Amino acid sequence: MNRRKEALIGYLFASPWLLGMSVFLLYPLVSALYYSFCDYSVLKPPMTIGTANYIELYHDAVFRKAVANTFIYAAFALPTGLISALVLAMLLNAKLRGQNIYRTLFFLPSLVPAIPMAVLWNWLLNGQFGIFNVLIGKIVYHPPNWLGDPAWTKPSLVLMGTWGVGNTMLIYLASLQDVPTSLIEAAELDGASSWQKTRNVTLPMISPVILFNSVMGLIGSLQIFAQPFVMFPLGGPEQSAYFYSTYLYDKAFRDHAMGYACAMGWIMFIVIFILTLALIKFSEKRVHYGGT
């Protein structure tokens, strides 16, 4: 079989993926870039207006508010989710009775879809009859108004996100079980404490997984949409829970400003791309890969 025929067969097998990527990824990206320079309402043909959408975004106070809310949320949600998932994984990696039951219980919340989860937590965090405030009210006289106080809207979303870290925890758990026991035993022979073993052996060995979860968590936290959209349909008190993706949705499907929304989408794409590259660059000398 000559190389041309082999290449043809290879492209034939790859054609479903290439077709799917072209239709569902490449075309939307290119068309969104074009529409970002247009006045486009979907109902009428696009009209080119140059960089007017981007200039308007620069002067848009609501846009700045949504950007600030998104980055503040991500700054707390990302480390909270990563650390809580890692701690849970390390606890569940220990040998204890009923280990599989505990793993199942901690993983189950991550199987709940985003919309039902938001509805559930909307009830749990209700300021009047929510179970959280019923329990907290037995300790303090004035429990927080999770959904009605601007200072508590973002913490409520961070708390809900932490409840659903099962997928991240499972990835950590798989990597922890891959750490060579010989290294841990060698550290024990050298008299290392539990913290020293964790810091000098376990964490360096699972550092590629930490990087992966950090990148995925960064992307997910900056694109949060479903939960605040359900729990705070009007953006919450003083628009404290009005996030970037929510504003993009409102512009595209409520105001029919699809060109404006496409400009927002490309800005978010560039920001996430730059932050991901920066995170990978920062981790170059801090991530240990086996055999390197």
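# Notebook: a first look through the chain

**Entry 1, the whole chain.** I began with burial, and of the 292 residues of the chain, 34% count as buried. I note at once that this is a predicted model, and I read every value below as computed from that model. For the overall extent I looked up the C-alpha trace, which spans about 80 × 70 × 30 Å along its principal axes. The chain holds 14 helices and two strands. I then turned to the surface and found that the chain exposes about 18000 Å², with carbon and sulfur atoms supplying 68% of that area. As for contacts between residues at least 6 apart in sequence, 65% of them join residues at least 24 apart.

**Entry 2, aromatic rings.** I looked up the ring pairs next, and the count comes to 16 aromatic pairs. One of them joins Trp-146 and Trp-152, whose ring centres are 5.1 Å apart with 70° between the planes, an edge-to-face pair. I checked how far each partner is covered: Trp-146 is buried at a relative accessible area of 8%, while Trp-152, at 33%, is partly exposed. The pair between Tyr-249 and Phe-253 is tilted, because the planes of the two rings stand at 45°, and that angle is neither under 30 degrees nor over 60. The centres of these two rings lie 5.2 Å apart.

I also wanted to know where this second pair sits, and found Tyr-249 and Phe-253 both in helix H13, which covers residues 244–254, at a spacing of four residues or about one turn of the helix. Tyr-249 is partly exposed with a relative accessible area of 28%, whereas Phe-253 has 52% and is exposed. Going back to the tryptophans, I noted that Trp-146 and Trp-152 belong to one aromatic cluster together with Trp-121, Phe-132 and Trp-163.

**Entry 3, charges over rings.** Two cases went into the notebook here. The charged end of Lys-251 sits over the ring of Tyr-260, at 5.0 Å from the ring centre. Arg-286 lies over the face of Phe-282, and in this case the distance to the ring centre is 4.0 Å.

**Entry 4, salt bridges.** Side chains of opposite charge can pair when their charged atoms come close. I looked for such pairs and the count comes to four salt bridges. In one of them the side chains of Glu-188 and Lys-197 meet at 3.0 Å, N to O; Glu-188 is partly exposed at 43% relative accessibility, and Lys-197 counts as buried at 16%.

Another salt bridge brought me back to helix H13, where Arg-254 and Asp-250 both lie, four residues apart or about one turn of the helix. Their closest N and O atoms are 3.4 Å apart. Arg-254 counts as partly exposed at 45% relative accessibility, but Asp-250 is buried, with a relative accessible area of 9%. I also recorded the salt bridge between the side chains of Lys-281 and Glu-284, at 3.5 Å from N to O, in which Lys-281 counts as exposed with 55% relative accessibility.

**Entry 5, a further residue of H13.** Is Thr-246 buried or exposed? I found it in helix H13, and it counts as buried, because its relative accessibility is 3% and the cut-off for buried is under 20%. Leaving aside residues up to four places away in sequence, Thr-246 touches Phe-225, Pro-228 and Phe-229.

**Entry 6, a nonpolar patch.** Last, I looked for nonpolar side chains on the surface, and noted a patch with about 810 Å² of accessible area together, made of Leu-25, Leu-26, Leu-29, Val-30, Phe-269, Ile-270, Phe-273, Ile-274 and Leu-277. Which elements give two or more residues to this nonpolar patch? They are helix H1 (3–35) and helix H14 (258–282). The most comes from H14, which gives five residues. I picked out Leu-25 as one member to check: this residue is found in helix H1 and is partly exposed, with a relative accessible area of 45%.

Notes. Residues numbered from 1 in each chain as written. Heavy atoms only, no water. Phe/Tyr/Trp six-rings, centres within 6.5 Å; stacked < 30°, edge-to-face > 60°. Buried < 20%, exposed > 50% of the residue type's maximum accessible area, 1.4 Å probe, protein only. Lys NZ or Arg CZ within 6 Å of the ring centre and 35° of its normal. Patch = residues over 30% accessible without salt bridge, like charges linked within 9 Å, V, L, I, M, F, W, Y side chains within 5 Å. Areas by Shrake-Rupley, 256 points an atom, 1.4 Å probe, with all protein chains shown as cover. Contact = heavy atoms within 4.5 Å.
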